[in-house]
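This briefing goes through strand pairing, a hairpin turn and model confidence, in that order. Please keep the sequence and the structure at hand while reading.

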Amino acid sequence: MRLLLVEDNARFAGLLRQGLAGEGFDAEWVADGRSGLLRAAEGGFDVIVLDVMLPGMNGYEMCARLRAMGDTTPVLMLTAKDGEYDIAEGLETGADDYLVKPFSFVVLVARLRALARRGGRQVPSAWLVGDLRVDPAAMRVWRGEEEVNLTAKEFAVLACLAERAEQVIAKPEIVERVWDAQADRALNVVEVYISALRRKIDTPFGRASILTVRGAGYRLTAGGPSRNHHVRHRRAPLKSVPRGGPRPATPSRSTP
C-alpha cells in the first residue's frame, strides 16, 4: 500500500516510515508543503499523511489545493492542536480524518487502512434523487439545471446520504464514512454539515430533501416542497353584519 508522508520533522518521519513499513506500507517522504503538493499531484498513492505545520505551504493550504485540482486521495491530517476550530479547519479544507499529536501508532495504522479501503471503492457516474444529481467522480452537485457549490466535506456527507437514498443513515455511520474520527467529538459536526447542506440544496429551491429521523439519523429523499415554501391564498374580506343578523327594513310612513 503506497503512502505519501508530508512531514518536516526528519526524525519523526523516519520513525514513522520505519513503523509503517512493518505494517505493509510503502511510505514516501517529503519535508515541505510545496514538494508534497507536486508529488501528490503525480498520483499513485493510496493515502496521504499530512502535517499541518509545514514550511513553504501549510497542510491546510496543500490539502485545499489538492482538492481544487480534483484529487480525491484520502488525506489524514496530523496536528499538534486539538481545538475544535483547528480540527474543523482541517476537515473544511478537504481532509478525511485527523490525529492529534501525540497519537497511538496502532490507531494511526487502523485509520490509514480504513481510509485506503474507502478510497478504493468503485462509485457510480452519478446518483439521482428526484431533481438532485450528485456526481461523485467530479464532486459536483446540481439541483435541476442549477449547479450547487459545496465544500469537499459537505459533498462527502451528501454523497454518504445519496449513495443510499431513501434509507436512514445513522450519525455514527456518517462519522465513520466521512471522518473516521472519534464519535464523541464528531457527532455534533455532522449536525453542522447537515444544516449547511439544507441551506444550499434545499432552502433556495423550496425543497425538504434531507429529513431528520429522530433517534435514528438522516434520510435523503426526492425532496417535496418545504412546509415553509407554499403560497397562501387570501380570502376575500367578509362584509360586516350586525349582531342578530340583518336588520329589517323600516317601513315608510304614508301621508294621510
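**Pairing around strand β12**

Strand β10 (residues 168-169) and strand β12 (residues 217-220) are paired in the antiparallel sense, with 2 bridges between them. The model described here is predicted, and the confidence values are taken up in the last group of points.

- Within the pairing of β10 and β12, Ile169 has Tyr218 of β12 as its bridge partner.
- Strand β11 (residues 210-213) also runs antiparallel to β12, and 4 bridges join these two strands.
- Leu211 finds its bridge partner in β12 at Arg219.

**The hairpin turn**

- Strands β11 and β12 make up a hairpin in which 3 residues lie between the two strands, and Gly215, which sits in the turn, has a positive phi of about 80°.
- Is Gly215, in the loop between β11 and β12, buried or exposed? Its relative accessibility is 95%, and because a residue over 50% is classed as exposed, Gly215 counts as exposed.
- Although Gly215 and Ala170 are 45 residues apart along the chain, their C-alpha atoms are separated by 8.7 Å.

**The four-stranded sheet and helix α6**

- An open sheet of 4 strands follows the order β6-β7-β8-β9, and the pairing in this sheet is antiparallel.
- At the edges of this sheet stand β6 (127-129) and β9 (146-148), each of which pairs on one side only.
- On average, neighbouring strands of this sheet are turned by 25° against each other, when direction is ignored.
- Inside the sheet, strand β7 (residues 132-135) and strand β8 (residues 140-143) run antiparallel and are joined by 4 bridges, and Val134 stands opposite Val141 in β8.
- Helix α6 (residues 152-162) lies across β6, β7 and β8, and its direction makes an angle of about 110° with β7.

**Confidence of the model**

- For the protein chain the mean pLDDT is 80, with 76% of the residues reaching 70 or more.
- Among the elements of the chain, the highest mean pLDDT (95) belongs to β9, whereas helix α4 (residues 84-92) has the lowest (59).
- Over residues 229-242 the pLDDT is below 50, and this stretch has 2 contacts in the model beyond near neighbours in sequence.
- Where pLDDT is low, predicted coordinates should not be read in detail.

Definitions and conventions
Residues are numbered from 1 along each chain as its sequence is written. This is a predicted model: local features need pLDDT of at least 70, side-chain atom pairs count only at pLDDT 80 or more; totals for chains, interfaces and linings use all residues. Side-chain values use heavy atoms; hydrogens and water are left out. Two strands pair if DSSP finds at least two bridges between them. Axes are lines fitted to C-alpha atoms, for helices over the stretch in contact, and angles run from 0 to 180 degrees between N-to-C directions. Contact means heavy atoms within 4.5 Å. Buried means under 20% relative accessible area, exposed over 50%, partly exposed in between (1.4 Å probe, protein chains only). pLDDT is the predictor's confidence in each residue, from 0 to 100.
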